[in-house]
Amino acid sequence: MLFEKTTYADDFPLNIQIIQVDEIPFHYHQDVELVYVLKGEIRLKNGYYNYLLQEGDIFTNSGHEVHGLRAAASGNVVAVIQISNRFFTQYFPQLPKACFRTYVNDDRYARLEHLRGMLLHILLDYTRRSFNYKSTCIYQMIDVIKYLNQYFNLFAFEDQVVVNFKNNNPVIVERISHIINYVYENYANRITLEELAEREHLSSFYLSHLIHDHMGISFQKFLCFARSEMSEIPLLETSDKISAVAKKVGFSTTAYYEKFFREWFGHSPQEHRALFQAHILSESNPARFQQLTESLSVGLIARTLAAMADHEISPTIQHIQLNISVDNDAPSILHLEHTFTAVLTLEDYTLLGARLFGLLMDLNIERIKIYCPQDALNSSDPSFEFAEMYHRLRALGYEVSISDDSVPESTRSRTSAVYDSIVAAIHIFRTYFSSLETDITLRLRDPGEPQKILKGFPACITSCGIQKPAFYAYQLLKNISGELLYREKNYYIVRTGPNTVTSGTTKTAHTAYVIVVMNYNDDIEYLYTRSTDVYKTNESIHAFMDELNIDISLPVSPGQYMIAKYAFSNEHSVFMHMAHLHFPEQCPLPNHWLSLLNTSPQTQISMEQAEHELNISASIHGVGINVIIVEEML
């Protein structure tokens, strides 16, 4: 089983593992693979050569190269990234023919340092499972392959060690590329220097010196190297006679094959088969390695990235890293369980129509206060529409009252653009995770005509019915009930269990958590205390570029857990949609198009297996909120 079939998830064309290697026996595969040593040392055999890869080294296997890994004397942590040729050839048709070589014998090689940074960002996004991490990693890998094609898609020989080809002359690079690709495509056929020179429109004398001067080897020796290298697969994968293997890879005689194979591999083909055929990857000889936990992987990758010379932290942008270990026995700070009263008007009922009842259900509204002007209340003959609204809501089971007070009073006296932005959602979470108040009164809809979208009014939806960030904040807040265990500026942790689940005659208790992570600063918080216009609000939100990374360790019982994440950002809000239109007085889009604008939080759901601890990560750039629900699957 020398050939290893790489499997990929249906929606993710990368296979990424962060592992401690004992031994991965000899094998080959058709896809590109990158081996990045994050810690310690690793021994890697690739073809004829045995490499001692040290911390920071990256080795790229371009497919159809026999290789294996085993631990060196020191401990190791290795990132193995396999790239689906089938997927990425839609962007890079020549990917299966690539000859990537990233081993450079030079730890300070600037291009290698840049490649390290690109790969570390992919590894960090993947291990943190940040929002849209799959598409983010795919686009980052496209940039990596572009970079590999530009700077690492050729090789040369230094004392018979295959290393990256370093030459900035585009003419030389192109000609060497043609030579290498032609030899590997046709190694089993008869190839002469004269034929190749004719293809390249060069003299054979010039081409011979070009190859020797820039590849460090003669053309004939390179051809025999390629044939010897490619012979390793049939040599170890089959029991064919040595003469048949020699013929299959293009050698004219067995003696010629044995001569060059010994020159590169240090022993004869027969000896190579005897030494290694029993050590190939198989069911009886599987790979032996340990997968690193998510928290250890994230910590190591983040530290490695932070230590890189090109990852200097900007003095104007803070990079905050928080690590929290949750104690399930921590005392409760506050019991959370909120009920909502919605303030409605006849205008709301008339303009929203049947959609009103769906919005009330989304918010889990329990009570409704109908705002009616004082003169209408004093009238002995209320309007038919008002009466219809009142009785219909009562018939649907709502507790309905009538008032001439358009509560909430605390926000009635002023308007501010922050009410339409992400800042309102941050204020809602901060307020009700610190308050003993459990009954929350909220205004459902902005008053006034629908054509003006942003009115700076403290309501959940715009006049035309688009949900604001406040709507989703209240919606999630209503579903968070339990004991608040941790309350800090940037995060809140709520234990929502233990819950009792009945299955047949068995009752099982399990603990669930809700984690709210918020990234903001004092300037963002201060916006809420002022009557700020849309331009100042937009400027302040965009000026905040700090990055918050938080890793939380949760104590859990062994089992499988669902992790659901909801991400709020100003980029997906109605406020930002209008900012892109320069805050028009009246939106040019008609209502039927406005209703299709997506303002809901980004969502991501996954399953994780845990023994005693579950590691949850969140990463927020700029102003934003992550709400994470963790619950055991029973």
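The protein chain of this predicted model averages a pLDDT of 88, and 93% of the residues score at least 70. Two stretches deserve a word of caution. Over residues 407–413 the pLDDT is below 50, and this stretch has 10 contacts in the model beyond near neighbours in sequence. Residues 499–507 likewise stay under 50 in pLDDT, with 14 contacts beyond four places in sequence. Where pLDDT is low, the predicted coordinates should not be read in detail.

Turning to the hydrophobic interior, the largest nonpolar core has 64 residues. The residues with the most contacts inside this core are L360, L393, F429, F433, Y474, V516 and I625. Helix α16, spanning residues 422–432, gives the most to this core, contributing eight residues. F429 offers a good place to begin looking around. Leaving aside neighbours within four places in sequence, F429 is in contact with A473, L476, L477, Y492, V516, M518, I625 and V627. Apart from the largest core lies another, of 60 residues, which includes I19, L53, Y182 and F225.

Charged pairs come next. The count of salt bridges comes to 20. One of these joins E232 to K45, with the closest N and O atoms 2.9 Å apart. This pair links distant parts of the chain, as E232 belongs to helix α7 (residues 219–237) and K45 to strand β2 (residues 32–46), 187 residues apart. Both E232 and K45 are buried.

Helix α7 also takes part in a salt bridge between the side chains of K221 and E263, where the N to O distance is 2.9 Å. Because K221 lies in helix α7 and E263 in helix α9 (residues 254–265), the pair ties together parts that are 42 residues apart in sequence. Buried or exposed, or in between: how do E263 and K221 stand? E263 is partly exposed, since its relative accessible area is 30%, and K221 is partly exposed too, with a value of 26%.

A further salt bridge is formed by D439 and R367, whose closest N and O atoms are 2.9 Å apart. Here the link runs between two strands, with D439 in β14 (residues 439–445) and R367 in β12 (residues 367–371), 72 residues apart. D439 is partly exposed, at a relative accessible area of 31%. Salt bridges that share partners also join E65, R101 and E229 into one network.

The cysteines give a simple result: a search of the whole structure finds zero disulfides. C99 is in no disulfide, and the nearest cysteine sulfur, that of C224, is 17 Å away. That distance can be set against the 2.5 Å within which two cysteine sulfur atoms count as a disulfide. C99 counts as buried because its relative accessibility is 8%, and C137 is buried with a relative accessible area of 0%.

Backbone geometry offers several points to visit. Helix α2 (residues 110–128) has 19 residues and reaches 27 Å from its first C-alpha to its last, close to the 27 Å expected at 1.5 Å a residue. Just after α2, R129 takes a positive phi of about 50 degrees. Positive phi values in residues other than glycine are also found at N364, where phi is near 55 degrees, and at F583, where phi is near 50 degrees. N364 lies in the loop between α13 (355–362) and β12, and this residue is partly exposed, with a relative accessible area of 32%. F583 sits in the loop between α20 (574–580) and α21 (591–594). With a relative accessible area of 12%, F583 is buried, given that the cut-off for burial is under 20%.

Two more sites complete the tour. T6 is placed in the segment before β1 (14–27) and counts as buried at 14% relative accessibility. Its contacts, leaving aside neighbours within four places in sequence, are with N15, H29, D31 and Q82. K166 is found in the loop between β7 (161–164) and α4 (170–186). The relative accessible area of K166 is 42%, so this residue is partly exposed. Between the C-alpha atoms of K166 and A156, 10 residues apart along the chain, the separation is 8.2 Å.

Terms used. Residues numbered from 1 in each chain as written. Predicted model: local features only at pLDDT ≥ 70, side-chain atom pairs only at ≥ 80, totals over all residues. Heavy atoms only, no water. Helix = DSSP H or I, 4+ residues; strand = E, 2+ residues; numbered from the N terminus. Buried < 20%, exposed > 50% of the residue type's maximum accessible area, 1.4 Å probe, protein only. Expected span 1.5 Å × (residues − 1). Salt bridge = Lys/Arg side-chain N within 4 Å of Asp/Glu carboxyl O. Contact = heavy atoms within 4.5 Å. Core = buried A, V, L, I, M, F, W, Y, C linked by side-chain atoms within 4.5 Å. pLDDT = per-residue confidence, 0-100.
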